[in-house]
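User: Please take a close look at one part of this chain and the sheet around it. A plain account of what sits where will do.

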Amino acid sequence: MKLLIAIDSANSTEVLVAAVGVRPWPKGTTAQLLSVVVDADIPPEMWREFGYGKDAVRREMESRGEQITSLAIKRLKEVGIPAEVVVTRGDPRHLVSFFARKWSSDLIFVRAHVRKDLEHWMLGSVARAVVATAPCTVQIVRDQGEHHAHTLDSRRRVLLATDGSETASTAARALAGRPWLEGSEFRIVTVEEPWAIRPTSMTPTLNSAEQVLASAGLNATTTVLSGNPKEVILEEAQDWNADLIVVGSHGRRGLKRFLLGSVAEAVAMNAHCSVVVVRGPVRASRKASA
């Protein structure tokens, strides 16, 4: 498995590497730590020292690379994941997904920033852009503090949101394919929109997802709720005290992406806990036109 870990600071490095280190990985897993420097990151004194030229950018890139390497490489090696650091300059909202395609990444880790001030608007927009445009599954990581820190021996409470679509089935299979510590709890949620006309019950949707998890030895509780899916999934995750939310994304663009992908994006950006957005399979017609 190929991991892309998108880093923007020393603090996010610690949080993201910790998230990688608390789950087992298949043999042969590798990681690329990507850090994108934007001009606003460069301290004013460094601009002045190097005459407001490229040397200031180069020095900031070198400094960040050294910092990330010292914080991350050794820790990832301890959990059996060889890694390398790549630092570049540009717009991370585009470059994270670009490098994920270039490296054929299977999973992107990116931190969710909870601060709402103008200074951190850019950081939050990076996570949103990655969820919308990534070619692979994305994990939005939230630091829940020391009292909720996980280890390899921690049991998890995992909420799977499903709507019966092909993408939701992919998310269920991805969840079932991961090793989980005995005693971990799973909850499958589907949401009926009261204003939508549905010809059939949502029960088969739940049963299908439940069967996928059961085939992997994972027992889950199920529930059908009513309301706005974006709001209901977030509320249920909070009330159930989930540690992780898993949701599928269709990975489409334009109007279809807005309608079908907006639930995954809203959950990823507003949940109280970390969220895995599982990217659905790319259709053959899209591959041919790419």
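Analyst: Phe186 lies in strand E7, which covers residues 185-192. The model is a predicted one. With a relative accessible area of 4%, Phe186 falls under the 20% cut-off, so Phe186 counts as buried. Leaving aside residues up to four places away in sequence, Phe186 is in contact with Val158, Leu175, Trp180, Leu213, Leu218, Asn219, Ala220, Thr221 and Trp240. One of these, Thr221, is 35 residues from Phe186 along the chain, yet their C-alpha atoms are 6.5 Å apart.

The sheet comes next. Ten strands make up an open sheet with mixed pairing, in the order E3-E2-E1-E4-E5-E10-E9-E6-E7-E8. Its edges are strand E3 (83-89) and strand E8 (220-226); each has a single partner strand, so one side of each has no neighbour in the sheet. On average, and ignoring direction, neighbouring strands are turned by 20 degrees against each other. In general, the strands of a sheet pair through backbone hydrogen bonds, in either a parallel or an antiparallel way. At the E3 edge, the pairing with strand E2 (residues 30-37) is parallel and runs over seven bridges. Within this pair, Val36 is placed opposite Thr88 of E3.

Two helices that touch E7 also belong in this picture. Helix H6 (residues 166-176) packs on the sheet, where it contacts strand E6 (157-161), E7, strand E9 (244-249) and strand E10 (274-279). The direction of H6 makes about 140 degrees with that of E9. Helix H8 (residues 229-240) packs on the sheet as well, with contacts to E6, E7, E8 and E9. Its direction makes about 155 degrees with that of E7.

The loop that follows H8 deserves a note on its backbone. Most residues other than glycine have a negative phi. Asn241, in the loop between H8 and E9, is not a glycine but has a positive phi, near 65 degrees. The relative accessible area of Asn241 is 45%, so this residue counts as partly exposed. Ser104 is another non-glycine residue with a positive phi, here about 55 degrees. Ser104 belongs to the loop between helix H4 (92-102) and strand E4 (107-111). At 46% relative accessibility, Ser104 is likewise partly exposed, whereas Phe186 in E7 is buried.

How values were computed: Residues numbered from 1 in each chain as written. Predicted model: local features only at pLDDT ≥ 70, side-chain atom pairs only at ≥ 80, totals over all residues. Heavy atoms only, no water. Helix = DSSP H or I, 4+ residues; strand = E, 2+ residues; numbered from the N terminus. Buried < 20%, exposed > 50% of the residue type's maximum accessible area, 1.4 Å probe, protein only. Contact = heavy atoms within 4.5 Å. Pairing = 2+ DSSP bridges. Axes fitted to C-alpha atoms, helices over the stretch in contact; angles between N-to-C directions.
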